[in-house]
Structure formats: C-alpha cells, structure tokens
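Here are my notes on the model, point by point. Please keep the structure open while you read.

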Amino acid sequence: MLELRYELGNSNEDDLHDPANIEKALLSGFYMHVAVRGKGKNSNYVRVKENDPLKLHWTSVLMLRGLKPKWIMFDESVLNSVATAWTATEIFPEWLLEIAPDYYNPDTLPDGGIKTELKAILDETETKLYN
C-alpha cells in the first residue's frame with residue numbers, strides 16, 4: 001500500500017479482531033443478501049427487499065447450533081422448492097442503515113414489520129444525533 005501512496009490509518013489492534021467489524025465488512029459487499037426471520041417458532045426467513053422466502057440449509061452452522069437470529073446476511077442462495085442459503089451470519093438492522101442507507105431506506109420498502117422496524121431505528125438514530 002505504501003508503494004501506491006495510500007495513507008495507512010492507525011487502527012486499534014482490538015478493532016482488527018472484533019467480529020462485528022468483520023461482519024460489517026462482509027455486509028458492505030453482501031448488503032443485498034439480507035433476510036429477516038418471520039414470526040413463529042419454526043418460521044423461515046424472508047428476503048428483505050424482495051419479500052421472497054428463504055430457508056437456511058440444515059448443514060449451515062446456525063442450524064447445526066440451533067441458532068435462529070432475527071436478521072441474517074447470506075452469501076448466496078440456491079433455488080430448490082424454496083431458496084436455500086448455506087452460509088449465513090447474524091447481523092443487526094442498524095448496520096443496514098449505516099452501510100447501505102439508500103438501499104434500505106424505509107420509504108422504498110413494502111409496508112409491514114420490516115419497514116416499521118427500520119423506520120423506528122432510523123428515527124431513534126436521528127433523535128440521538130440532534131439531541
């Protein structure tokens with residue numbers, strides 16, 4: 001990087017190993033691959049923008065460990081009877097508004113719980129900024 005004359009920033013060593021920072025870096029590339037779990041004990045996921053059903057493959061780490069995070073990011077999905085994702089990790093909706101605010105603008109989403117949740121987070125963030 002020095003040969004290209006890019007300035008290298010000072011980063012805290014702890015930040016380099018913080019899983020949240022790694023997940024945010026991945027989300028910056030996979031921001032279009034986000035799903036939220038539906039209501040109910042055994043519900044599958046729904047892709048946020050497309051409103052298409054998505055399920056986690058039974059061999060995914062989340063499924064093998066019995067974890068059911070509300071929001072996930074996935075790398076790809078394969079269409080069988082329903083779209084299925086193998087590789088997924090938990091994310092937080094605040095990250096979507098931080099990393100891809102135009103793509104996840106609540107005004108562009110269909111009415112429903114996802115839009116309401118993101119709008120509430122956005123309103124809360126704006127309130128904190130201006131108070």
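1. Leaving aside neighbours within four places in sequence, which residues is Arg47 in contact with? The answer is Met32, His33, Val34, Ala35, Asp52, Leu54, Phe74 and Ser77. Keep in mind that this is a predicted model.

2. Arg47 sits in strand β2, residues 45-47. Its relative accessibility is 16%. The cut-off for buried is under 20%, so Arg47 counts as buried. A polar atom of the Arg47 side chain lies 3.5 Å from the backbone oxygen of Met32. Met32 is also among the contacts of Arg47.

3. Next, the loop after β2. Asn51 belongs to the loop between β2 and β3. Check its backbone: phi is positive, about 60°, although Asn51 is not a glycine.

4. His57 comes in the loop between β3 (53-56) and α3 (61-64). Is His57 buried or exposed? It is buried, because its relative accessible area is 16% and the limit is under 20%.

5. What does the side chain of His57 pair with? A polar contact of 3.0 Å links it to the side chain of Trp86. Not counting residues up to four places away in sequence, His57 touches Met63, Thr84, Ala85 and Trp86. Trp86 thus appears both in the contact list and in the polar contact.

6. Now the interior. The largest nonpolar core holds 16 residues. Val34, Val48, Trp71, Ile91 and Tyr104 have the most contacts inside it. Two or more residues come from each of β1 (34-37), β4 (71-74), α4 (93-99) and α5 (113-130). A second, separate core has 9 residues, including Tyr45, Leu54, Ile72 and Phe74.

7. Val48 deserves a look of its own. Outside its neighbours within four places in sequence, Val48 contacts Val34, Ala35, Val36, Trp71, Tyr104, Leu109 and Ile114. Val34, Trp71 and Tyr104 are also named among the core residues with the most contacts. Val34 and Ala35 appear in the contact list of Arg47 too. That list also includes Leu54 and Phe74, which belong to the second core.

8. Last, the surface. Ile22, Leu26 and Phe30 form a nonpolar patch there, with about 250 Å² of accessible area together. Phe30 lies in helix α2, residues 19-30. Its relative accessible area is 30%. Values between 20% and 50% are classed as partly exposed, so Phe30 is partly exposed.

Note on methods. Residues are numbered from 1 along each chain as its sequence is written. This is a predicted model: local features need pLDDT of at least 70, side-chain atom pairs count only at pLDDT 80 or more; totals for chains, interfaces and linings use all residues. Side-chain values use heavy atoms; hydrogens and water are left out. Helices (H or I, at least four residues) and strands (E, at least two) are DSSP runs, numbered from the N terminus. Buried means under 20% relative accessible area, exposed over 50%, partly exposed in between (1.4 Å probe, protein chains only). A polar contact is a pair of N or O atoms within 3.5 Å; within protein, one must be able to donate a hydrogen and the other to accept it, and residues adjacent in sequence count only if both atoms are side-chain atoms. Contact means heavy atoms within 4.5 Å. Patches are made of residues with over 30% relative accessible area and no salt bridge: like charges are joined within 9 Å, nonpolar side chains (Val, Leu, Ile, Met, Phe, Trp, Tyr) within 5 Å. Accessible areas come from the Shrake-Rupley method with a 1.4 Å probe; for residues, only the protein chains shown count as cover. A salt bridge is a side-chain nitrogen of Lys or Arg within 4 Å of a carboxyl oxygen of Asp or Glu. A nonpolar core is a set of buried Ala, Val, Leu, Ile, Met, Phe, Trp, Tyr and Cys residues joined through side-chain atoms within 4.5 Å.
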